[in-house]
Amino acid sequence: MASAAQGDNGQGLVVVVQTIPFAWNLITAGYVEQSVYGVVVNTLGLLFIGKLLEPIWGSREFFKFIFVVNLLTSVCVFITAIALYYITRLETYLYFPISGFHGVISGFLVGIKQIIPDQELPFIKIKTKWLPSITLLLSIAISFWTLEATAYLPTIISGTYISWIYLRYWQRKPETKHRGDPSEDFAFSTFFPEFLRPVIDPIASIFHRMLCGRSDTSNDGQGYTVESEPLPGSDSIEASRRRERGARALEERLAAERLAAARRELQREAEENV
């Protein structure tokens with residue numbers, strides 16, 4: 001990840017007036033950071049969260065996820081900036097540089113929500129399924145206090161939503177040869193509190209049909225239906241397998257960390273005895 005813009009023409013950053021002749025900025029923007037703070041946070045997120053997701057997804061799928069989410073997030077930010085310009089007529093939106101890996105990091109949190117939703121974080125006792133929602137809420141709240149945080153908001157929101165779309169509809173499952181995750185536990189409404197879900201579900205179903213062009217009776221679309229009839233228990237079985245793999249990967253990682261800590265302690269005691 002680079003830590004600065006690449007040239008005076010905005011190359012490497014999403015700047016609307018400079019992205020039109022330099023379309024590759026949509027690809028490179030996610031890998032360019034404008035601050036040392038961003039480099040540190042996103043590098044730590046890639047190392048620690050990626051270390052959990054990569055063994056479960058596989059290296060190829062892991063890097064494919066990063067590429068697709070990064071590209072589509074940049075496209076969403078680009079379109080949003082143009083729309084805001086036409087609505088407000090403020091040229092600031094055309095020249096404001098937006099870049100950074102935080103869209104993909106937000107997507108990693110969606111992946112954690114999918115794989116180990118009921119795992120509790122140590123000390124704060126919050127389930128991992130709420131991490132994307134809490135991140136979005138904090139980002140929105142902070143943007144009211146500092147102008148700098150506002151620059152991160154479109155990328156974080158777009159990265160979260162694009163990641164959910166990718167995991168919900170597009171990600172191929174080698175073990176089942178199906179695409180996506182149609183389980184109710186990963187529905188769009190699960191990003192919201194329980195009392196809001198009766199309101200969110202009907203709205204989400206409309207966008208499901210309008211934007212994704214997917215039907216619940218489509219064999220290719222859902223990948224879990226046969227002749228317009230859903231496979232019995234396919235959602236719960238797939239979700240259970242995914243959670244088991246996630247929990248197993250997490251346990252293996254924690255066990256490896258405990259073993260490494262024990263070895264360091266034994267080595268330290270041995271050196272002290274000598």
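K125 sits in the loop between α6 and α7 (helices here are DSSP runs of H or I with at least four residues, numbered from the N terminus). Its phi is near 55°, a positive value in a residue other than glycine. K125 is also exposed, at a relative accessible area of 60% (buried is under 20%, exposed over 50% and partly exposed in between, using a 1.4 Å probe and protein chains only). The model is a predicted one, so local features need pLDDT of at least 70 and side-chain atom pairs pLDDT 80 or more, while totals for chains, interfaces and linings use all residues. Residues are numbered from 1 along each chain, and side-chain values use heavy atoms, with hydrogens and water left out.

R89 has a positive phi too, about 65°, and is not a glycine. R89 belongs to the loop between α4 (59-88) and α5 (92-95), and counts as exposed because its relative accessibility is 53%.

Then there is the largest pocket (an open set of points on a 1 Å grid over the protein atoms alone, where a 1.4 Å probe fits, with protein on both sides within 12 Å along at least five of seven lines; lining residues have an atom within 4 Å of a point). Its lining takes in 42 residues, with V41, I49, I105, L109 and T135 nearest the centre. Helix α3 gives the most to this lining, namely 9 residues. Among the other helices that supply at least two residues each are α6 (102-115) and α11 (234-273).

Helix α3 also holds V40, which counts as partly exposed because its relative accessibility is 44%.
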